[in-house]
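Trainee: I should like to learn how strands, helices and cysteines are read in a model. Where should we begin?

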Amino acid sequence: MSSVTPFPCQNPDSRFDSGTETVPEPEWVKQDLRVPRYDDVVFARPDLSQIIGDAEANRDMFQGCSRDRSGKIISSLRSWARRSVLEEAARYTAELTGSAVELPAGLDEQLLFITGHQPALYHPGVWIKNLLIGKAAQQTAGLSLNLIVDNDLVSSTSIKVPQGTRSNPCFSDISFDDSIKKKPWEETSIQNEELFRTFADRVDEALAVWPDLPAPLLRNIWPAAVAHMQKTDRLADCLAAARHAQEQRWGIENLELPISRMCQTGPFLWFACHLFKNAHAFRSTHNEVLSEYRKVNRVRSKTHPVPELSESDGWIESPFWIWRTGETRRHQLFVKRDQEQIQLSNGTDIIASLPMRENCDLSAAIEVLKQLPEQGIRLRTRALTTTLFARLFLGDLFVHGIGGAKYDEMTDRIFTRFFHLTPPRYLTLSATRFLPFCKPFDVQHCDETCLQRIQRDLDFNSDRHLTTEQLAGAASLVERKQALIQAQKAAEKHDDSLAQAERRRRNRLRFREFRELDAELSELTLPLREKVIGDLEVVQQQMQANAVIQSREISFVLYPEQTLQQLFDKLDFT
């Protein structure tokens, strides 16, 4: 569904940079971004008290650069994109809720907060981003938009539910639909309606082993998912409807928009055409920045945080996905200039030819791209270009999780080197909240390490652990061991009067005697050794139990509503 709002700036010479000024960029610094390890903790960088000020600073920065650097191009693009994308988001949100969504008149004047994630039943540390942008929008009388990343692959159609006992807990997979071959969310429909309909009941039954756990949120939200299944069999839409209904009950009124629909709006297609037209320069900048990122962060992987953009026989890889309707595999998109056209290919076939002379606007090429959905062709953004588009054209502040924040270190440099713009600020947000189905054991990794060190010491230095009486009885053994230690120290000075073979022979003899003495001394500490081994087994078993009890990856649908509310109450801007 494509927005019909036209691009208001038709100047064919519009460009992002003046071609003369150099824009300063942030210094590369290795970021220490880690998920919170402890319970009921919110991680935010920068502090949440800066969120509104940073959004206002970003808005002022874009307004300033549009006057000073590029004529009307930035302000016009942002106004066009915001109007088109939010209109599409209002339509989709109305489909989710069954109620019309009215947009305010002054969209350019209102702050817009954005976040996004796959439409999965994720953990509370992901969901907290949605609640934050909703709160920020309320406090500023602004708007908030959640981008549903339905161009990513479905990784699972089940959630992990804790089972077993406190001393021996485990996870069991409970499905909300039949398992499927990995494919994009937007291509995924509900396969087994009965399995989907009975999901909440089966989860309730599984959680009965934890009688002290209050009723899960799933009971409240799943009826909305089942009801939405009567409107559409798209799995992503049904899951989004359930989550959004709960957010509304909490007073959060975020707009929702799948990436698949954002990618069909005019402004996004303009953005794509701009990158196609400048594919060589963008690839050069992208790979240069990627190389620097890997060097700073000591990354050896060829795919992290993203792969390099390739080039072969004039075909340049562009940071988009392309595939045909019904396909389970997404293809890289390659572009190649052919006289006054730019050809698009999936690496095998030519998909489209875009009319694009050197000095022309992009309207004709956009019209060609608008016809692709009718031909069953999906043109979709990748993760890096999703936030690049959202931060440049749409929002006043983007809220990332920790994973997204890492690759947006690259995006910041692309802002300065390719678009010649100061990168707007963003927020990194995550949280950890353990599901309170049973009490964790009071044990830490250091407890295991300490016992392992004692166990090793009992193997080689049992004399350190002998009682006074035992030391008296083993005095000759201890004295002999001390004599061997002194002899070893003397031997390390490499007496040149001894041949190398003789030194090695003596070293072997001392080593054997060391082993014999340690074995005799260790016999005196057998009771202590047995106790340490027993304690170590208990500690390791409790740590394995805590790995389940204190998992932060448990779906938010299993949490009691009050537990989630307490976590979200920590989102304080003051």
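Mentor: We begin with pairing: two strands pair if DSSP finds at least two bridges between them. Please keep in mind that this is a predicted model.

Trainee: How many bridges join strand E4 to strand E5?

Mentor: Strand E4 (residues 158-164) and strand E5 (residues 169-175) run antiparallel and are joined by seven bridges. Within this pair, Lys160 stands opposite Asp173 in E5. The connection from E4 to E5 is a hairpin of four residues.

Trainee: How should one read the two faces of a strand, taking E3 as the case?

Mentor: The general idea is that side chains in a regular strand alternate between the two faces of the sheet. In E3, Leu143, Leu145 and Leu147 lie on one side, Ser144, Asn146 and Ile148 on the other, and all are buried. Strand E3 (residues 143-148) is therefore largely enclosed by the rest of the structure, as six of its six residues are buried.

Trainee: Which strands pair with E3?

Mentor: Strand E2 (residues 112-117) pairs with E3 in the parallel sense over six bridges, and Leu112 has Leu143 as its bridge partner in E3. Between E2 and E3 the chain passes through helix H3 (residues 124-140), forming a right-handed β-α-β crossover. E3 is also joined to strand E6 (residues 255-258) by four bridges, and these two strands run parallel. Here Leu147 has Leu257 in E6 as its bridge partner.

Trainee: Which residues of helix H11 are buried, and what do they pack against?

Mentor: In H11 (residues 363-370), the buried residues are Ala365, Ile366 and Leu369. Because they cover an arc of only 100 degrees around the axis, they lie on the same side of H11. The buried residues of H11 pack against helix H9 (266-277) and against three strands: E10 (341-345), E11 (350-355) and E12 (377-381).

Trainee: Let us turn to the cysteines. How many disulfides are there?

Mentor: A disulfide is a covalent bond between the sulfur atoms of two cysteines. With the cut-off for the two sulfur atoms set at 2.5 Å, the count is zero. Cys170, for instance, is in no disulfide, and the nearest cysteine sulfur, that of Cys438, is 11 Å away. Cys170 is partly exposed, with a relative accessible area of 37%.

Trainee: Why is the sulfur of Cys450 not in a bond with that of Cys446?

Mentor: The sulfur of Cys446 is the closest cysteine sulfur to that of Cys450, but the separation is 7.9 Å, which is too far for a bond. Cys450 is partly exposed, at a relative accessible area of 42%.

How values were computed
Residues are numbered from 1 along each chain as its sequence is written. This is a predicted model: local features need pLDDT of at least 70, side-chain atom pairs count only at pLDDT 80 or more; totals for chains, interfaces and linings use all residues. Side-chain values use heavy atoms; hydrogens and water are left out. Buried means under 20% relative accessible area, exposed over 50%, partly exposed in between (1.4 Å probe, protein chains only). The arc is that of the directions from the helix axis to the C-beta atoms. Contact means heavy atoms within 4.5 Å. A crossover is right-handed if, with the strands pointing away from the viewer, the path from the first strand over the helix to the second runs clockwise.
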